[in-house]
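Hi everyone, thanks for coming. I'd like to walk you through one residue and then zoom out to the place where two chains meet. Have a look at this.

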6 protein chains.
Amino acid sequence: MRILLINPNTTAAVTEQAAAHVRRLIPAEIVAVTGRFGAHYISSRAAAAIAAHAALDALAEHGAGCDAVYLACFGDPGLLALKEVSPVPVVGMAEGALHLACTRGRRVGIVTGGVLWRPMLEEFAASLGLSSRLSGIRAIAPTGGEIARDPDAALARLAAACRACAEEDGADVVILGGAALAGLAERIRPDVPVPVICSTEAGARAVMAAAGLRTGRVPPPATASTGLSPALTGLLAAG
Amino acid sequence: MRILLINPNTTAAVTEQAAAHVRRLIPAEIVAVTGRFGAHYISSRAAAAIAAHAALDALAEHGAGCDAVYLACFGDPGLLALKEVSPVPVVGMAEGALHLACTRGRRVGIVTGGVLWRPMLEEFAASLGLSSRLSGIRAIAPTGGEIARDPDAALARLAAACRACAEEDGADVVILGGAALAGLAERIRPDVPVPVICSTEAGARAVMAAAGLRTGRVPPPATASTGLSPALTGLLAAG
Amino acid sequence: MRILLINPNTTAAVTEQAAAHVRRLIPAEIVAVTGRFGAHYISSRAAAAIAAHAALDALAEHGAGCDAVYLACFGDPGLLALKEVSPVPVVGMAEGALHLACTRGRRVGIVTGGVLWRPMLEEFAASLGLSSRLSGIRAIAPTGGEIARDPDAALARLAAACRACAEEDGADVVILGGAALAGLAERIRPDVPVPVICSTEAGARAVMAAAGLRTGRVPPPATASTGLSPALTGLLAAG
Amino acid sequence: MRILLINPNTTAAVTEQAAAHVRRLIPAEIVAVTGRFGAHYISSRAAAAIAAHAALDALAEHGAGCDAVYLACFGDPGLLALKEVSPVPVVGMAEGALHLACTRGRRVGIVTGGVLWRPMLEEFAASLGLSSRLSGIRAIAPTGGEIARDPDAALARLAAACRACAEEDGADVVILGGAALAGLAERIRPDVPVPVICSTEAGARAVMAAAGLRTGRVPPPATASTGLSPALTGLLAAG
Amino acid sequence: MRILLINPNTTAAVTEQAAAHVRRLIPAEIVAVTGRFGAHYISSRAAAAIAAHAALDALAEHGAGCDAVYLACFGDPGLLALKEVSPVPVVGMAEGALHLACTRGRRVGIVTGGVLWRPMLEEFAASLGLSSRLSGIRAIAPTGGEIARDPDAALARLAAACRACAEEDGADVVILGGAALAGLAERIRPDVPVPVICSTEAGARAVMAAAGLRTGRVPPPATASTGLSPALTGLLAAG
Amino acid sequence: MRILLINPNTTAAVTEQAAAHVRRLIPAEIVAVTGRFGAHYISSRAAAAIAAHAALDALAEHGAGCDAVYLACFGDPGLLALKEVSPVPVVGMAEGALHLACTRGRRVGIVTGGVLWRPMLEEFAASLGLSSRLSGIRAIAPTGGEIARDPDAALARLAAACRACAEEDGADVVILGGAALAGLAERIRPDVPVPVICSTEAGARAVMAAAGLRTGRVPPPATASTGLSPALTGLLAAG
């Protein structure tokens, strides 16, 4: 099994961190790629909109020979567009983590970094149909990028937010969301009274489940375009 | 990995059929058990209500030493009660198949056998929060039990129902639901214009994903009871 | 009018308390029965799942000659299964109380005993379609069983929870829910600024309204089974 | 028990028909009043808006000494305003019939006369929170007023609409809605495969249930006004 | 462009205040009329129900020659009835302000005067389908009438409520609702960290947008009536 | 008033057609720009995802000196990202047309070209909170681009789809959606029994209403990026 892990921001260190975490847990070959253009860290709607284009660009350039695609940004920019054009299954980090968390608890809390993500993730969960399963989203002020640079400084705040999900919002499971937070769940789990899920791990396990599932596939539309990379131009034109 | 597969109806042949299908696809040890009391086939609310008790009874009797539980009845009788008392992760067949199908299509159709299942499954999907992802449920008249006894007779009707999900209801993926229908998806896939998912396979893959996920756990309540099997009395009392 | 009052837990004292309260208020003959097996008090999902079977068992054994069935447990385990197989109208305590409360206020609060009931009752209200009418559910720590054993100790906490429903959650009517709490509403009413409904009374009045209503009936399915009581085996087989 | 039955249209014959039907079924004194101004028959939004005022006017003039109020127009114009100012419980015909029907079936169909009622009733059901319980509303072209003048001419169309609710929309119970249709349910019941509820009867039974329920009451606001009837001016000013 | 501005309460001073505010902002002729009967200020369900009739009465009397109708009461009593019978476009103050606010922010807060308006406005927003866009409604105790008589006394409380919408409820835009509050938004805007919309201005701008839009029109139903004003009798009869 | 009209596809002829239509109707200066890269016509999720980036790119390059932004593609790719970074109000064509249509009818139908738009528009309407106001979306097979090249060939199909919205889906107003369909509404209006709204006109009128509304503004976040155009890099960095 060969999985294309796309980090649609433009910081290679985050890509490497997420890929390393996945490689430790999942018996698959991980091909990890970083966005070619866009925000260094995605923590706004504008950055996410550009990242959707960057993710498509990365799929077109690096998708050949992969069995599945892991869109490894919690918030899943471009998820449905990738699913539309990809010849192999695509699962997003937030998508996979949310669906898997729903099998572990009735009311799912989310903790992440970057306050602008809160409404974006509320809307994303609604787009999955899972609003009624969310107990609430708590976004601490440091963005994922800032947490990645100094995780120790953020641990106490992340744990406090997870506890608040459980004790104030009624969550019976909490997702620690963000590629930049890969691996922190196990460090805060002892301080939280309900299960804590690492989004990077959960998304990867959902990719594995989806990748194995035999289903059949519908071909995408063919689209003529201008001004895109040769690979993306070709992917869109192929249909 | 050792998975307890519980068929909560009282027909051992269905248990064996589902277990054999899972063993072909999933690299895990499958311990398969059949309900000790209740309906031969579950195709009504009363039968499902009794099956929830039977599933708890089976978990109490056979759960020791397993790493996860697969509630292998599409409709998942007793799912939340099992999750409450089980020391290991529990995933239901409909729960797992629906969540996994949501990663494959935007609008999920369900085809199953037994007309009384339709409202029951609508309510189950609503309880998962996934109503907005359903394109519709089409239940053909023969029940799962009848289909299991003569699958060839049902294939054309099942395929027609799957096509109607796609062409009339707008499904872009269809779940063929039911332990008794294990293995039929691949036979009808060529006749359906959208991907067709086998619920027995998808549920099992979701169990595998959930079983591997590290989270932590909250202990269940301790409950005093009367008139139950010794094992179930003990499981409830243990808390 | 002869009404079968089913208490699906296994504590006869609760059955008697609820039946006595109903007999004081409602001009009907009350046949009161207690669950033959299951939890002494129902305050978990597992206990409720088993109680659904016990309620069916009680209906099969004692239903003959009754004009209506009152499922007298606030949370209504097995409600739809009972409706499916019963030849006469069935109303649950929470079902009847919620529908009747909706005619008395726009936003309905619920106060009950046993913290695990909160999510279960939220899901039950959702299954009725009434989530948007709920202002919130406040469950105090003592279970119904504990409150029944020492009601005086719980009165102040129940009244405080009712006030919080009104003053913090915006309820304009509150249901005091639980067979074990029958009769307490009138004692706390003076301390609550909005109307307080006794669930045992309200459920019984809803049973009376439903019992009188002429409608016609659809026959249930016939189901073959194994290992159940002779009466339940017969009820399921009769169709 | 003394019940004020308010027909908020201005046709006394409809008032008498509904009151006579209720008197046959319910052991209570029925004080029946007709709107003092407004549409002869209510079958539009404008007519319903004026009827809300007329219902308040009728309550102010005739409410003294009554134990409960039955707003006997299917669509319940002015329902919440009446509840706000009435010192005794108020139940509307559609409100009571819908809540009671929900105890009889999972999916409730409505058949009535007058095509403009369909969206109005959809919105009314939504305001009760019961949209998810509705299978659909089928309004035949003749209005309630036209059906009342020649019920025999409408019977076949009403029965066909009820059958369509069951067979096409999935209703497992149907309400025949409208004061002007009082008594027709029993004539069409033999031709419909699911239970058929008379809204006039069901509403009255719900009034009885609500009237008996002991709860307590919150005083309404005091409102200064101009140009209204002396009785209504007084009722609003009293608070 | 000639716009009929209907204030459906019976206080001419409020009519004049709202009309003057609109005339300062909008390049249109404003014909302003006051309700002929009903509450001096609308701050209850009963007052709003009567106001719907008064608004229809005003439209019938003064609508001739106008290009659009502005129902200038935040809560829009009689809105759908007016739309039904009016030959020209009708927009309500809350309707127009809410739709326009949704283009300015994702989560819309509402601040108004009169505590009974809160549930009424929640239901109104739900009727528009916009519940999911509301962050919450905060109604301060003084009614619109009281605020109009002494606006300076209310400014600090209104600003505090707007801040709470932003800081506690997550609003990213707030509507200051009420004809009686026309012009106060600009006074409190400096003290609120998110945009503040004047409902009187926003409603008027929405009327202008709707008035210009070319669409075509469906004729209303013809309704026979009794006891109404000659103009309203004629408008209803005309169909 | 100076409005930046952004057509985010890469076909200048569509830009010109939409701009010309708006200039005929709206008293404002229209600065019309075309996407610099992306699909020639947007009729898939991948094309829409890229168009969001192109719209941001266009805003950054051409936004200076404009009073409002009109995102003139029915489906509004990048809408929330544009609102986030734009210093002046932004309204999308589908956003504005839907909100305005809701003031004209209770149930809004949409007719457009390109079958892949149907689920995308359903999701967009849901993101606005307006799903309950939609009667349905009917997308004919030719895409907007194909219709623009030969509008006469599509007129009969568009009119038939609009009639089906009214007669089968219950729409009481229909939006003819798409920049490429600007001006066709008036040609099919005579053949449709309910009002037909031109999305290009309605969106423009909504822009005008939003542009005039005084509110105040919150500054956007500052975002560091790589590989974007100098203007977009600057706009993101400015915050």
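So, to get us going: is T103(A) buried or exposed? Keep in mind that this is a predicted model. T103(A) comes out with a relative accessible area of 6%, and the cut-off for buried is under 20%, so T103(A) is buried.

Where does T103(A) sit along the chain? You'll find T103(A) in the loop of chain A between α4 (93–102) and β6 (108–113). Its side chain reaches back to the backbone oxygen of L100(A), at 2.7 Å.

Now, what does T103(A) touch once we leave aside its neighbours within four places in sequence? The list is K83(B), V90(B), V91(B), E95(B), H99(B) and A210(B). Those residues carry the letter of chain B, which takes us to the interface.

Okay, zooming out. Chain A and chain B each bring 39 residues to the contact. Between them they bury about 3,400 Å², with 53% of that on carbon and sulfur atoms. How many salt bridges are there between chain A and chain B? The count is zero. For polar contacts, though, 11 residue pairs turn up across the interface.

And which parts of chain A do the touching? The elements giving two or more residues include α1 (12–25), α3 (79–85), α4 and α9 (199–212). α9(A) gives the most, with six residues. Sorted by type, chain A's side has 19 nonpolar, nine polar and 11 charged residues.

That's my tour, happy to take questions!

How values were computed
Residues are numbered from 1 along each chain as its sequence is written. Chains are lettered from A and ligands numbered from 1 in the order in which they are written. This is a predicted model: local features need pLDDT of at least 70, side-chain atom pairs count only at pLDDT 80 or more; totals for chains, interfaces and linings use all residues. Side-chain values use heavy atoms; hydrogens and water are left out. Helices (H or I, at least four residues) and strands (E, at least two) are DSSP runs, numbered from the N terminus. Buried means under 20% relative accessible area, exposed over 50%, partly exposed in between (1.4 Å probe, protein chains only). A polar contact is a pair of N or O atoms within 3.5 Å; within protein, one must be able to donate a hydrogen and the other to accept it, and residues adjacent in sequence count only if both atoms are side-chain atoms. Contact means heavy atoms within 4.5 Å. Buried area is the accessible area (1.4 Å probe) that two parts lose on being put together, summed over both. A salt bridge is a side-chain nitrogen of Lys or Arg within 4 Å of a carboxyl oxygen of Asp or Glu. Ala, Val, Leu, Ile, Met, Phe, Trp, Tyr, Cys and Pro count as nonpolar, Asp, Glu, Lys and Arg as charged, and the others, Gly among them, as polar.
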